[in-house]
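Reader: I would like to learn how to read a protein model step by step. Could we go through one together, with questions from me and answers from you?

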Amino acid sequence: MGYEKPPVLFLRRWCDQGLVAAVFNFGSDSTSLILPLPLGSWHKLLDSSEVRWSGPGNNTPPVLLSPGTVAFTLPAHSFILLKRTGIQ
């Protein structure tokens, strides 16, 4: 699923019971998003905006609990990789 404004790419892949999602912000501004993530606990595997990757830092928690959608902010020129680890 792609969005033109803001310029964001949202990918979701699955295999058997495993689910992963990646969100890319190609814009030059941070963007607030509400994304359709299936029910469950989503753990952050990689966040390119973290300081350890020379990014500006981000407030996205290490675990996102999704009732079906999740809201968060993604900094400019960054991406995040999430994996569902359990169903609530």
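The questions below go from the whole chain to single side chains.

Reader: Which kinds of secondary structure elements does the protein chain have, and in what order do they run?
Author: Please keep in mind that this is a predicted model. The count for the protein chain comes to 0 helices and 8 strands. Read from the N terminus on, the elements therefore run β-β-β-β-β-β-β-β.

Reader: How does the radius of gyration of the protein chain compare with what the globule rule gives for 88 residues?
Author: The C-alpha trace spans about 35 × 30 × 20 Å along its principal axes. For 88 residues the globule rule gives 12 Å, and the chain comes close to that value, so it is as compact as a globular protein of that length. The radius of gyration of the protein chain is 12 Å.

Reader: What share of the residues is buried, and what share of the contacts joins residues at least 24 apart?
Author: Of the 88 residues in the protein chain, buried ones make up 35%. For the contacts, one takes those between residues at least 6 apart in sequence, and the share of these that joins residues at least 24 apart is 59%.

Reader: How are strands β2 and β3 joined, and which residue stands opposite Trp-14?
Author: Strand β2 covers residues 8-15 and strand β3 covers residues 18-25; the two run antiparallel and are joined by 8 bridges. They form a hairpin with 2 residues between them, and in this turn Asp-16 has a positive phi of about 50°. Within this pairing, the residue of β3 that stands opposite Trp-14 is Leu-19.

Reader: How many salt bridges does a search of the whole structure find, and which residues do they join into one network?
Author: The search finds 3 salt bridges. In one of them Asp-47 pairs with Lys-44, with the closest N and O atoms 3.6 Å apart, while Lys-44 also meets Glu-50 at 3.4 Å, N to O. Glu-50 in turn forms a salt bridge with Arg-52, where the closest N and O atoms are 2.8 Å apart. Through shared partners, the salt bridges join into one network Lys-44, Asp-47, Glu-50 and Arg-52.

Reader: Why does Glu-50 count as buried, and is Arg-52 buried or exposed?
Author: Glu-50 lies in the loop between β5 (40-47) and β6 (63-66), and its relative accessible area is 18%, so it falls under the 20% limit for buried residues. Setting aside neighbours within four places in sequence, Glu-50 is in contact with Lys-44, Gly-55 and Gly-57. Arg-52 has a relative accessibility of 60%, and because the limit for the other class is over 50%, Arg-52 counts as exposed.

Reader: Where is Ser-49 found, and with which side chains does the side chain of Ser-49 make polar contacts?
Author: Ser-49 is found in the loop between β5 and β6, and because its relative accessibility is 0%, it counts as buried. Leaving out residues up to four places away in sequence, Ser-49 touches Gly-55, Pro-56, Gly-57, Asn-58, Pro-75 and Ser-78. The side chain of Ser-49 makes one polar contact of 2.7 Å with the side chain of Asp-47, and another of 3.3 Å with the side chain of Asn-58.

Reader: How much area does the protein chain expose, and what part of it do carbon and sulfur atoms supply?
Author: The exposed area of the protein chain is about 5,300 Å². The part that carbon and sulfur atoms supply is 59%.

Key
Residues numbered from 1 in each chain as written. Predicted model: local features only at pLDDT ≥ 70, side-chain atom pairs only at ≥ 80, totals over all residues. Heavy atoms only, no water. Pairing = 2+ DSSP bridges. Helix = DSSP H or I, 4+ residues; strand = E, 2+ residues; numbered from the N terminus. Salt bridge = Lys/Arg side-chain N within 4 Å of Asp/Glu carboxyl O. Buried < 20%, exposed > 50% of the residue type's maximum accessible area, 1.4 Å probe, protein only. Rg over C-alpha atoms; globule rule 2.2 N^0.38 Å. Contact = heavy atoms within 4.5 Å. Areas by Shrake-Rupley, 256 points an atom, 1.4 Å probe, with all protein chains shown as cover. Polar contact = N/O pair within 3.5 Å; in protein donor to acceptor, adjacent residues only side chain to side chain.
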